[in-house]
Amino acid sequence: MKNFKVYLSFLVVNFLFYSSSATAQGKFQTSIEKESILIGSGSVLLLSSILLEKNLSITPQEILLLKKDDINFIDRSAVNYYSKNLSLASDVLLITSVLLPTSFLVMNEAKNDLIEIGIMYLETLTLTYGITNLTKNIFQRFRPYAYNNSIEISEKLDSDTKKSFFSGHTSTSFASAVFFSSVFSELSSDEEAKTLVWIGSLSLASATGLLRYFSGKHFPTDILAGAVVGSLIGYTIPKLHKVSNSQDIKYTVNQNSFSIIINFDSKFLK
């Protein structure tokens with residue numbers, strides 16, 4: 001439920017965008033059909049993850065059976081780290097990443113797209129959190145500190161200890177960073193500013209991931225998976241809503257399916 005409360009705090013960010021509206025045509029466009037599918041999908045994933053979470057439990061016997069040698073060689077080093085202070089620092093960086101899009105409220109180029117940006121960001125966070133938490137509850141992978149013999153077993157018995165794969169801090173940070181940078185790149189004509197925004201936001205997200213590793217909360221593969229998933233969602237949602245994006249991303253809705261076709265070209269690098 002701790003993560004659910006964090007998710008609810010994310011929604012507060014979106015209401016800030018709804019305090020201002022515009023009638024002029026902007027760079028992004030929403031539709032009832034598209035938003036219903038995206039928000040509905042995210043909500044289903046979220047609710048499914050909450051239902052699965054009720055089945056999570058840990059016994060002392062499970063902890064005692066854990067062996068460092070059973071971890072693949074790429075992830076094994078994470079067992080040696082544990083820091084509550086670094087974990088807290090990663091929380092701060094996560095919040096900072098999530099708040100990045102609020103800067104559009106004072107960006108003149110964004111005034112015609114504030115409502116659309118708010119809706120898109122809600123979809124980005126909902127899908128990211130839903131996919132992340134559902135995956136955690138399906139895989140139930142123990143966090144690195146569960147294997148650390150220097151940590152009291154009482155600290156390992158919380159159900160959160162079984163939510164290592166994949167990193168929610170990392171997926172959310174990268175989703176927010178890529179979303180913010182993608183939208184900024186569409187709105188701004190300043191190439192130097194675009195470059196700085198991409199470098200700054202991705203550095204912030206990367207730092208969040210690194211802190212999750214050194215705090216003993218996640219394995220490298222958890223962080224890598226989170227970065228990939230978050231980045232894909234943060235990039236795809238704005239592209240789906242571009243007014244001129246018919247050649248970049250197409251989506252089709254049939255009676256029994258919903259499909260998305262993404263055409264990656266050189267514009268991705270701009």
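The following legends describe close-up views of a predicted model. Local features need pLDDT of at least 70 and side-chain atom pairs count only at pLDDT 80 or more, whereas totals for chains, interfaces and linings use all residues. Residues are numbered from 1 along each chain as its sequence is written, and side-chain values use heavy atoms, with hydrogens and water left out.

**View 1. Salt bridge between Glu-62 and Lys-162.** The closest N and O atoms of this pair are 3.1 Å apart; a salt bridge is a side-chain nitrogen of Lys or Arg within 4 Å of a carboxyl oxygen of Asp or Glu. Glu-62 in helix H3 (residues 60-64) and Lys-162 in the loop between H5 and H6 are 100 residues apart, and the pair links distant parts of the chain. Helices (H or I, at least four residues) and strands (E, at least two) are DSSP runs, numbered from the N terminus. Lys-162 is buried at 9% relative accessible area, while Glu-62 is partly exposed at 27%. Buried means under 20% relative accessible area, exposed over 50%, and partly exposed in between (1.4 Å probe, protein chains only).

**View 2. Salt bridge between Glu-155 and Lys-84.** The N to O distance is 3.9 Å. Glu-155 belongs to the loop between H5 and H6 and Lys-84 to helix H4 (residues 84-99), so the salt bridge ties together parts 71 residues apart in sequence. Lys-84 is exposed, with a relative accessible area of 56%, and Glu-155 is partly exposed at 31%.

**View 3. Salt bridge between Lys-242 and Glu-186.** Here the side chains meet at 3.5 Å, N to O. The pair links Lys-242, in the loop between helix H8 (220-241) and strand E1 (249-253), with Glu-186 in helix H6, 56 residues apart. Lys-242 is buried at 10% relative accessibility, and Glu-186 is partly exposed at 24%.

**View 4. Surroundings of His-169 in helix H6 (residues 168-187).** The side chains of His-169 and Asp-91 are joined by a polar contact of 2.6 Å (a pair of N or O atoms within 3.5 Å; within protein, one must be able to donate a hydrogen and the other to accept it, and residues adjacent in sequence count only if both atoms are side-chain atoms). His-169 counts as buried, at 14% relative accessibility.

**View 5. Backbone features in the loop between H5 and H6.** A cis peptide bond, with omega of about -5°, joins Phe-165 and Phe-166. Gln-140 is not a glycine, yet has a positive phi of about 50°; this residue is partly exposed at 26% relative accessibility.
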